[in-house]
Amino acid sequence: MAAAGWSSLPADLLKEISGRLSSDADLLHIHQVCPHWRASTSLPAACRPWVVAGRARRSGLIPIGDYSLRLPRRGARRIEVGAPPAGFPYCCGTSRGWLALVDDDRSPTRLVLWEFLSNTEISLPCPSPLTRIFVSDDPLISSNWFAIATQRKGRIGQKTLLWRPGDADWTMMYERGTFEIGSIAFLEGKAYYIDVEKNIIICDLNTPSPKCTRMYNICSVVNQLCKCDRFHPMRGVHLVACNGELLLVVLRLGNHPSPAEVYKPEWMPDLQVELHERVMDLGDYSLFVGRGDTFSLSAKEFPSIKRNCVYYADNKPYNQKYWISMFHLGSDVMEEIPYPEELKQDATNWTPHDWFCPRKPNWTPHAWFCPRKPLRSNELGAGKAFV
């Protein structure tokens with residue numbers, strides 16, 4: 001092998017190495033080294049992340065129901081990830097590369113977390129009633145992960161439950177309850193979520209008994225950020241963990257000069273939040289927000305995204321105008337991917353509402369993309385697959 005160099009590595013070894021890569025960019029690079037490496041490895045079947053689309057009603061998305069994983073690019077091609085565990089056709093969560101699946105969309109009795117690349121299943125006690133499941137970290141990597149479940153409380157409220165590995169059942173996390181959870185982020189053993197009425201709840205889960213703090217409506221704080229004489233309604237407010245920090249994303253409607261703004265929140269002793277420092281440059285990172293888990297990704301590791309952007313997936317039911325929106329923080333420019341024409345004819349009325357990022361590159365043989373010639377790095381550079 002010394003004379004032939006790296007090009008003589010056995011094909012089986014190259015396949016083993018490529019199967020352990022966690023970055024789309026690394027998988028792309030290893031595929032481009034030479035003809036032998038190209039023949040021994042596969043490109044990602046679909047670059048990450050993906051959009052989670054759900055069936056929509058005029059009153060909003062059904063918390064538990066049919067689901068579809070699709071590309072965020074034009075056309076919104078559907079991604080097939082194999083058959084889910086038998087008897088679990090409905091989805092109620094898409095956290096950390098795992099799908100939370102249940103056996104019934106109205107009165108579920110069984111709950112499982114499923115990771116499709118390894119076909120790993122983790123059975124959890126099924127709380128009843130149940131609306132959503134969120135997972136704090138990847139169960140295959142972290143030993144300190146936990147799950148949060150939401151239950152309806154009255155007509156419009158929700159209460160949250162906590163489950164840790166080894167627990168016999170769910171325990172109450174925040175009995176007082178909130179409105180429906182809009183989005184949630186996890187950082188250093190704490191859960192931060194914002195309900196649909198823009199209240200912030202912070203739950204410290206580093207102790208056996210969770211300690212939750214409710215910070216009331218953030219709208220008044222956000223409205224003070226705009227110094228012009230016009231009222232600009234908010235499209236959404238989200239908390240996102242990015243590179244070890246917690247950031248607050250403000251999305252606005254209408255003709256606002258900055259359709260997306262990012263701030264570093266400061267938590268005050270009087271249960272208030274202050275927003276002083278606006279973040280204009282996320283470095284290589286971009287933020288992904290919707291109605292569920294939020295997260296950040298690096299454009300260096302995920303070559304299909306653009307750096308320093310906010311990607312947004314939360315279109316209203318029956319709005320079939322835009323699929324996703326992308327805000328460039330450096331230029332205050334907004335791009336919108338049109339709603340796919342072919343989906344307008346689908347009676348399911350798929351509506352994008354969240355993001356899903358598999359744990360590893362998906363290089364299964366049902367690839368949607370097969371180039372006729374080797375790709376150069378600039379042919380699948382940052383943002384190429386999204387726009």
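The following paragraphs describe a pocket, a sheet, aromatic pairs and backbone features of a predicted model. Residues are numbered from 1 along each chain as its sequence is written. Local features of the predicted model need pLDDT of at least 70, side-chain atom pairs count only at pLDDT 80 or more, totals for chains, interfaces and linings use all residues, and side-chain values use heavy atoms, with hydrogens and water left out.

The second largest pocket (on a 1 Å grid over the protein atoms alone, an open set of points where a 1.4 Å probe fits, with protein on both sides within 12 Å along at least five of seven lines) has a volume of about 1000 Å³, a volume being the space filled by probe spheres set on the points, which are joined across faces, edges and corners. Its lining numbers 41 residues, with Arg96, Ser136, Asp137, Asp138 and Phe295 nearest the centre, where lining residues are those with an atom within 4 Å of a point. At least two lining residues come from each of β4 (90–95), β12 (181–187), β16 (234–242), β21 (295–298) and β25 (350–356), strands being DSSP runs of E of at least two residues, numbered from the N terminus. The largest share, four residues, is supplied by β21.

Strand β21 also belongs to an open sheet of five strands in the order β21-β20-β22-β23-β24, with mixed pairing; two strands pair if DSSP finds at least two bridges between them. Because β21 and β24 (333–338) each have a single partner strand, they stand at the edges, and one side of each is left without a neighbour in the sheet. Within this sheet, β20 (residues 285–290) and β22 (residues 309–313) run parallel and are joined by four bridges, and glycine 290 stands opposite alanine 313 in β22.

Among the 13 aromatic pairs of the structure, defined by ring centres of Phe, Tyr or Trp (its six-membered ring) within 6.5 Å, phenylalanine 288 and phenylalanine 295 are stacked (planes under 30 degrees apart), at 5.4 Å centre to centre and 20° between the planes. Both phenylalanine 288 and phenylalanine 295 are buried, that is, under 20% relative accessible area with a 1.4 Å probe and protein chains only.

Most residues other than glycine have a negative phi, and most peptide bonds are trans. Arginine 96, in the loop between β4 and β5 (98–102), has a positive phi near 55°, and its 22% relative accessibility makes it partly exposed, a class running from 20% to 50%. Asparagine 119, in the loop between β6 (111–115) and β7, likewise has phi near 55°. The peptide bond from serine 128 to proline 129 is cis, with omega near 0°, and proline 129 lies in the loop between β7 (120–124) and β8 (132–135).

Conventions
Rings of Phe, Tyr and Trp (its six-membered ring) pair if their centres lie within 6.5 Å; planes under 30 degrees apart count as stacked, over 60 as edge-to-face and the rest as tilted.
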